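Here are a few exercises to work through with the model open in your viewer. Try each task before you read its solution.

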Amino acid sequence: MQNGVKSTFDSYSKLKRVKRRLGPITLQKPAMRQDRQNDRGKNSSHIFVVDDDKIALKNLRRILEKDIHTVSTFSNPLRALKKLEEKHCDLIITDLKMPYLDGISLLNKVKLLNPSIEVILITGYASLDGAINATRQGAFFYLSKPFTPDKMLALVRQALKQKLLKEDSAALQEKNPRSAGTYPVIIGKSPKIVQVEEAIRQIAPSGSNVLITGESGTGKELAARAIHYQSHRAEGPFVAFNCGAFSEELIANEIFGHEKEAFTGATSRKQGLLEVANSGTVFLDEIGDMPVSMQIKLLRVIQEREFLRVGGTRPISLDVRIIAATGKDLKAAMREGVFRQDLYFRLNVVNVIMPRLSERKQDIPLLAYYMLEKFLRRMNKNITAISRDALALLENYTFPGNVRELENIIERAVAVCQGNTIKVSDLPPDLASLELYSYQRPDSALLSLEELEQDYIRHILKISGGARTQAAEILGIDRVSLWRKIKKYNLE
Amino acid sequence: MFQRILVVFENEKVCNDSLTYTRELALRMDSDITLLMLVEMAFMDRSYIGSKRSAITHIEEQMRKLLSKITGRFLKEGIVISTALRIGHPAEEFLKFLAEKPPFQALIWGSSANLPEIGRFPQNHWIRKVAGNLECPLLTVSSKEQLESPQE
Ligand SMILES: Nc1ncnc2c1ncn2[C@@H]1O[C@H](COP(=O)(O)OP(=O)(O)O)[C@@H](O)[C@H]1O
């Protein structure tokens with residue numbers, strides 16, 4: 001790579017001219033090299049340029065360095081990817097058609113590695129389809145050849161501004177985790193997670209309601225956000241709500257809002273979640289814990305696309321997509337009568353199933369490094385690797401708390417780690433000293449109540465030595481019911 | 001989002017490694033802990049209950065002492081913990097308990113390093129019957145040293 005500082009020096013006077021023309025980027029005359037470097041730190045960005053055409057590379061470098069950016073050029077996209085692992089980069093400008101790896105694939109890989117990096121695609125063949133495809137995948141812009149240096153620089157500035165905005169919103173998000181805004185990236189290469197990503201890509205634009213099932217910490221909310229951001233509602237709000245954490249009255253209040261004086265203590269009007277999320281997406285977590293009375297109300301909202309605030313009389317019309325999530329088996333809940341079938345069918349237009357982390361162990365190293373990167377940015381430490389032993393330990397662990405648990409383990413490891421490598425001793429002690437055995441259903445499906453009942457009756461019959469009166473007594477049902485169930489499940 | 005871990009014990013038996021693991025897991029998952037002690041007692045005939053009343057009171061007292069001793073270890077770490085005692089048929093009480101409560105994200109067997117076995121038919125212990133079929137994984141812990149030098 002060429003030394004950016006030096007090149008900036010060389011072209012300083014020229015640069016000032018360019019600046020004046022390009023607009024309000026502050027630039028002071030360099031008194032000392034030291035100061036200039038500080039200045040650079042604030043204003044200039046690191047840009048990777050990827051093109052198999054060496055002459056094009058040279059031209060681009062020349063254009064970009066006018067804007068005091070540090071530029072690294074690559075004629076091989078794979079090299080660029082490799083370099084990303086060790087070098088900070090704000091923006092990648094890449095040609096679309098290249099050997100080894102085309103621009104779109106590079107874009108995908110970059111976004112996976114670090115979603116905050118912006119990408120500009122350049123092509124000689126301005127095909128509209130390609131452009132649409134690229135923006136969907138998070139490309140910033142699509143520039144067709146030939147282009148003027150000014151056009152390129154304007155685009156670069158726009159892209160970098162966008163990046164700053166995103167980072168700001170991420171910082172805001174830190175302070176206020178309830179608000180939407182983070183860019184959701186689903187990390188993983190295992191077939192199971194790739195399948196999930198594929199499903200999300202397909203269903204996101206459709207706007208239909210979605211039910212996401214999976215254990216806690218598997219990324220249900222993340223998937224919901226991904227769906228939101230890939231849909232035409234991306235500009236609208238994303239509002240998450242945990243149905244399991246509130247009492248019945250509170251849920252109604254939170255979801256529908258209330259009119260002034262709807263009840264004692266309601267001193268002002270309050271907008272409910274649905275209203276706040278209008279034209280966006282509502283994420284209802286733990287939908288299985290929603291009280292039946294609320295389920296009826298929710299169903300009505302979905303059907304009629306309007307609702308009333310608590311204590312209100314004027315219907316408010318509504319345009320939201322509902323994404324519900326559950327860790328429970330809703331089919332069993334339906335059979336038991338605690339979840340409404342009609343609501344189930346309304347919500348479960350499409351079903352996304354999040355795999356357990358233990359079902360996609362090959363993703364553990366990738367996720368671990370991703371989390372490491374994430375916490376390093378916050379904690380200001382100089383850790384560059386996770387030791388092989390530590391990774392092996394993580395790979396062999398069952399993760400009952402799934403990705404969330406891994407995330408917390410890495411967070412703690414980063415906090416306690418002294419050197420530049422995370423070692424086994426930085427991991428929780430029980431991970432190293434205890435062997436964990438997990439009894440799970442092999443197919444990862446939740447057991448239905450019927451299956452559970454069947455197992456249990458079989459068990460009770462066995463321990464009561466086949467004495468049905470006794471078995472019925474233990475089960476708390478009468479003999480006839482037991483007899484019926486024995487027939488039904490063929491337990492004789 | 002808040003998480004919940006359930007530790008299940010049977011008949012006063014408490015395994016130290018399980019508790020260590022539970023504490024660490026709770027910290028990692030930012031979760032609350034519930035300790036459930038199941039004490040086996042048969043109520044085949046309801047008329048028996050009267051005569052067992054004093055035995056039950058005695059058990060309740062014992063268990064309360066034991067459980068409060070355990071909870072201290074968690075409270076020190078700032079973990080929210082609650083306890084429950086159920087007397088009766090363990091599998092039945094266990095499943096009933098799960099049905100009554102909001103879902104747990106992890107279950108941990110707290111009475112021994114491995115799931116218990118009954119004589120020659122290991123699968124006969126009640127917890128083994130239900131183990132693979134619960135709402136979330138049931139975990140057991142054993143120390144690695146133990147595994148490396150198997151029983152003599
Ligand atoms: N595939 C994944 N890639 C990156 N981060 C993930 C992934 N899955 C889960 N996470 C992270 O793990 C944590 C828990 O995920 P979340 O969506 O809240 O799970 P759930 O809603 O299923 O409980 C979040 O911080 C989320 O960003």
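**Exercise 1: the ligand's polar partners**

In this predicted model, a polar side-chain atom of R360(A) sits 3.4 Å from a nitrogen atom of the ligand. Starting from there, find backbone atoms that approach oxygen atoms of the ligand, then list the closest residues around the ligand.

Solution.
- Step 1: Check the R360(A) pair against the cut-off. Polar contacts are N or O atoms within 3.5 Å, and the R360(A) distance to the ligand nitrogen is 3.4 Å.
- Step 2: Turn to the backbone. G219(A) puts a polar backbone atom 3.1 Å from an oxygen atom of the ligand.
- Step 3: Try E221(A) too. One of its backbone N or O atoms is 3.0 Å from a ligand oxygen atom.
- Step 4: Widen the view. The ligand is surrounded by 18 residues, and the closest are I187(A), G217(A), K220(A), L222(A) and E407(A).

**Exercise 2: sizing up the interface**

How many residues does each chain bring to the contact, and what area is buried between chain A and chain B?

Solution.
- Step 1: Count the residues. Chain A gives 42 and chain B gives 37.
- Step 2: Get the area. About 3,700 Å² is buried between the two chains, with 56% of that coming from carbon and sulfur atoms.
- Step 3: Pick out the top trio. L434(A), E435(A) and Y439(A) account for 19% of what chain A buries against chain B, more than any other three residues.

**Exercise 3: polar links and the elements behind them**

Find a salt bridge across the interface, then work out which elements build chain A's side.

Solution.
- Step 1: Tally the links. The interface of chain A and chain B has three salt bridges and nine residue pairs in polar contact.
- Step 2: Zoom in on one salt bridge. R28(B) and D430(A) join through their side chains, at 3.4 Å from N to O.
- Step 3: Map the elements. On the chain A side, α18, α19, β17, α20 and α21 each give two or more residues, and α20(A) has the largest share with seven.
- Step 4: Sort by type. That side of chain A holds 19 nonpolar, nine polar and 14 charged residues.

**Exercise 4: a strand pair between chains**

Which strand of chain B pairs with β17(A), and in what sense?

Solution.
- Step 1: Follow β17(A) across to chain B. Its partner is β5(B), residues 138-143, and the pairing is antiparallel over six bridges.
- Step 2: Fix the register. E435(A) stands opposite S142(B).

Key. Residues are numbered from 1 along each chain as its sequence is written. Chains are lettered from A and ligands numbered from 1 in the order in which they are written. This is a predicted model: local features need pLDDT of at least 70, side-chain atom pairs count only at pLDDT 80 or more; totals for chains, interfaces and linings use all residues. Side-chain values use heavy atoms; hydrogens and water are left out. Contact means heavy atoms within 4.5 Å. Buried area is the accessible area (1.4 Å probe) that two parts lose on being put together, summed over both. A salt bridge is a side-chain nitrogen of Lys or Arg within 4 Å of a carboxyl oxygen of Asp or Glu. A polar contact is a pair of N or O atoms within 3.5 Å; within protein, one must be able to donate a hydrogen and the other to accept it, and residues adjacent in sequence count only if both atoms are side-chain atoms. Helices (H or I, at least four residues) and strands (E, at least two) are DSSP runs, numbered from the N terminus. Ala, Val, Leu, Ile, Met, Phe, Trp, Tyr, Cys and Pro count as nonpolar, Asp, Glu, Lys and Arg as charged, and the others, Gly among them, as polar. Two strands pair if DSSP finds at least two bridges between them. A residue is near a molecule or strand if one of its heavy atoms lies within 4 Å of it.
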